[in-house]
Amino acid sequence: MMRTEEIRRVSGVVLRILGVAAAYFAAGQIGLLEQVTVEGSVVTPLWPPTGIALSCLLHMGLRIWPGIALGTLLVVLSLTSFRPAEIAIMAGNTLAPVCAYLMLRRVGYHAELNRLRDGVALVFLGALGGMLISATVGCGTLALTRNLPLGDFWPVWAAWWAGDAMGVLVVTPLLVVLRRIRLPRDTSRWAEAAALAVTAAVVVPLATRSEMSLLFLAFPLLIWAALRFRLAGSAPCAMFVSVLAISAAIDRVGPFADHSLFEVMLTLQALNGSAALTGLLLAAIITEQQNVRTKIELACHELAEVVERLAPGEAAHRLGPGLGERGRAAD
């Protein structure tokens, strides 16, 4: 009996590892659809596999890390033949989300992103901090193998780091929403959600492709989504803004036209980072306030039930001695 349970448990872990590898590889293929060349090296402004990897670790634990390494290997093999140097890149891409996961767990991170401190931790520990490892190991390996000139190290490193960090900031909150999605029953909420979707379909393409530099139009939309729908609204909206902005940057249209590659990447990552931070942190603040309000309402309701159960004399006694004398003195 114990042997059968052990086999079943091991089989479950293996299936999870293979599922993580498949999801990582699929996300990698999507990320490779929108890539740019920085100083002769191909990088992606948004690398979704980092968000997939960190989300899987937060949801299933540290034991699925081999799936991240296997997924990285599959992505590498889809681009080029395997070389010994690729082992270091695989290690960096695996170690980055693992370290991000350990740091988040250390500070008591809630995967539901229902507190402001969780949003701040995801930004500074999960994205900006953890992804330093993958960018440094990857670019360092390319430099040591003479595939990246030392003079081009920092521009490629910055693009690599920004793409990995954006993968965490954009994809991880979206996966949280997909795991906890609840359809509203109120028809007015459906109408507002449809209005938000239609507005986004009109405003975001205009903001990212207009020659009049209208990128700021995306932020009222993100604020609307976060205030009214919290993470369920802000995460898809931030993803939509990021994808269309990357597409416009690659096509060199709108606010990305007539600029150098460095200026395009700087503008793109500033927009994507600001959009993700605005939606994520504002949604976390609103959720935290709503949870506090719900707890207060529940406590008041329980207190009211206790008071109703007390007899009038017992209630007066519990309110404190001398209450009757003070009342008579007032008369």
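This passage walks through a predicted model of one protein chain, from its confidence scores to its cores, its surface patch and its salt bridges.

Some ground rules come first. Because this is a predicted model, local features need a pLDDT of at least 70 and side-chain atom pairs count only at pLDDT 80 or more, while totals for chains, interfaces and linings use all residues. Residues are numbered from 1 along each chain as its sequence is written, and side-chain values use heavy atoms, with hydrogens and water left out.

How confident is the predictor? The score to look at is pLDDT, the predictor's confidence in each residue, on a scale from 0 to 100. The chain averages 86, and 91% of the residues score at least 70. Elements here are DSSP runs, numbered from the N terminus: helices are H or I runs of at least four residues, and strands are E runs of at least two. Among the elements of the chain, α2 has the highest mean pLDDT, at 94, and helix α13 (residues 323–330) the lowest, at 45. Over residues 323–331 the pLDDT is below 50, and beyond near neighbours in sequence this stretch has 2 contacts in the model. A contact means heavy atoms within 4.5 Å.

Next comes the inside of the protein. A residue is called buried if its relative accessible area is under 20%, exposed if over 50%, and partly exposed in between (1.4 Å probe, protein chains only). A nonpolar core is then a set of buried Ala, Val, Leu, Ile, Met, Phe, Trp, Tyr and Cys residues joined through side-chain atoms within 4.5 Å. The largest such core has 54 residues, and Leu122 and Leu231 have the most contacts inside it. Two or more residues each come from α1 (2–31), α2 (48–60), α3 (65–79), α4 (85–106), α5 (116–129), α7 (153–179), α10 (231–251) and α11 (261–309). Helix α7 gives the largest share of this core, with 10 residues. Leaving aside residues up to four places away in sequence, Leu231 touches Glu112, Leu113, Pro173, Val176, Val177, Pro236, Leu280 and Ala283. Apart from the largest core lies another one, of 14 residues, including Ala135, Cys139, Leu142 and Val156.

Not every residue in these helices is hidden. Ala232 is found in helix α10 and is partly exposed, at 47% relative accessibility. Its C-alpha atom is 19 Å from that of Val292, which is 60 residues away along the chain. Pro155, in helix α7, is also partly exposed, at 33%. The C-alpha atoms of Pro155 and Thr50 are separated by 20 Å, with their positions 105 residues apart along the chain.

The surface has a nonpolar patch too. Patches are made of residues with over 30% relative accessible area and no salt bridge; like charges are joined within 9 Å, and nonpolar side chains (Val, Leu, Ile, Met, Phe, Trp, Tyr) within 5 Å. Accessible areas come from the Shrake-Rupley method with a 1.4 Å probe, and for residues only the protein chains shown count as cover. The patch covers about 770 Å² and is made by Val10, Val14, Leu15, Leu18, Leu70, Leu74, Leu77, Phe82 and Ile87. Helices α1 and α3 each give two or more residues to the patch, and α1 gives the most, with 4 residues. Phe82 sits in the loop between α3 and α4 and counts as partly exposed, with a relative accessible area of 41%.

Finally, there are the charged pairs. Side chains of opposite charge can pair when their charged atoms come close. A salt bridge is counted when a side-chain nitrogen of Lys or Arg lies within 4 Å of a carboxyl oxygen of Asp or Glu, and the structure holds 5 of them. In one, Arg115 pairs with Asp118, and the closest N and O atoms are 2.8 Å apart. Arg115 is buried, at 17% relative accessible area, and Asp118 is buried as well, at 1%.

Another pair is Arg189 with Glu192, where the closest N and O atoms are 4.0 Å apart. Both residues lie in helix α8 (residues 187–209), 3 residues apart, or about one turn of the helix. Arg189 is partly exposed, at 24%, whereas Glu192 is buried, at 17%. Glu192 also forms a salt bridge with Arg228, with the closest N and O atoms 2.8 Å apart. This pair links distant parts of the chain, since Glu192 is in helix α8 and Arg228 is in helix α9 (residues 218–229), 36 residues apart. Arg228 is partly exposed, at 41%. Through shared partners, Arg189, Glu192 and Arg228 are joined by salt bridges into one network.
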